[in-house]
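Reader: Could you take me through the salt bridges in this one? I'd like a close look at who pairs with whom, and how buried or exposed the partners are.

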Amino acid sequence: FKDEDNPIILFKEWFEEAKISEINDANAFTLGTIDSNNYPSTRIVLLKDFDVAGFVFYTNLNSDKSKSIKINSNVSMCFHWKSLSRQIRILGSASQVSDIEADDYFQSRSHGSKIGAWSSDQSSTLYKREDLYNSINKFENKFINEKKIPRPDHWSGWRIKPTEIEFWLDGESRIHERLKYYKKDNNWKKKLL
């Protein structure tokens, strides 16, 4: 491991390597939440931004993941880059991004993704697929000007502020290398596992 005091710098280095070596979606990570019945739930989401303040992804605020975060903001993240034989696990707390951040990111999305944010009632029961297509058509007709599609109130982002970040390197005979960073008194500390 490179001797780095700040895990975000090491994350950035590994992430840049993954963007070169991974076939698809180097920014994909498993997000773990706890639902209202205290059951864990995981799904793959896409990292859209990160810095010292945390890791950001966007979604429908009425989705199951958002509902879980509103109940319990403690979440986990896991990046696995098979091409590099590397993994990064992160524990932290999620909070909603500002409206300005959400608006800026929403405007960078493709036309179809903007329409999808309006037309999809994410995580709700869909009685027939045709209903979704009808909703898409409705919002395509409503928002004729592709450059003037506002962000729906029910769509935003979550920033995960990390409290632990563990870097994992595959090792021969399953003798892996693990480096864990953890917050203590608001400073990063590290230890080998």
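Author: Sure, let's start with Lys-19, which is partly exposed with a relative accessible area of 44%. Keep in mind that this is a predicted model. The side chain of Lys-19 meets that of Glu-16 in a salt bridge, 3.1 Å from N to O. Glu-16 is also partly exposed, at 35% relative accessibility. This one is a local affair: both residues sit in helix H1 (residues 7-21), three residues apart, or about one turn of the helix.

Now for a pair that reaches further along the chain. Arg-159 and Glu-101 meet through their side chains in a salt bridge, with 2.3 Å from N to O. Arg-159 belongs to strand E7 (residues 155-169) and Glu-101 to helix H3 (residues 99-108), so this contact ties together parts that are 58 residues apart in sequence. Here Arg-159 is buried, at 15% relative accessible area, while Glu-101 is partly exposed at 26%.

Helix H3 has another charged residue to look at, Asp-103, which links distant parts of the chain by pairing with Arg-151, 48 residues away in the loop between helix H5 (129-142) and E7. In this salt bridge the closest N and O atoms are 2.6 Å apart. Asp-103 is partly exposed at 32% relative accessibility, and Arg-151 is buried at 13%.

Those pairs are among the nine salt bridges in the structure. If you want to keep browsing, try Arg-89, Glu-166 and Arg-178, which are linked in a network of salt bridges.

Terms used: Residues are numbered from 1 along each chain as its sequence is written. This is a predicted model: local features need pLDDT of at least 70, side-chain atom pairs count only at pLDDT 80 or more; totals for chains, interfaces and linings use all residues. Side-chain values use heavy atoms; hydrogens and water are left out. A salt bridge is a side-chain nitrogen of Lys or Arg within 4 Å of a carboxyl oxygen of Asp or Glu. Helices (H or I, at least four residues) and strands (E, at least two) are DSSP runs, numbered from the N terminus. Buried means under 20% relative accessible area, exposed over 50%, partly exposed in between (1.4 Å probe, protein chains only).
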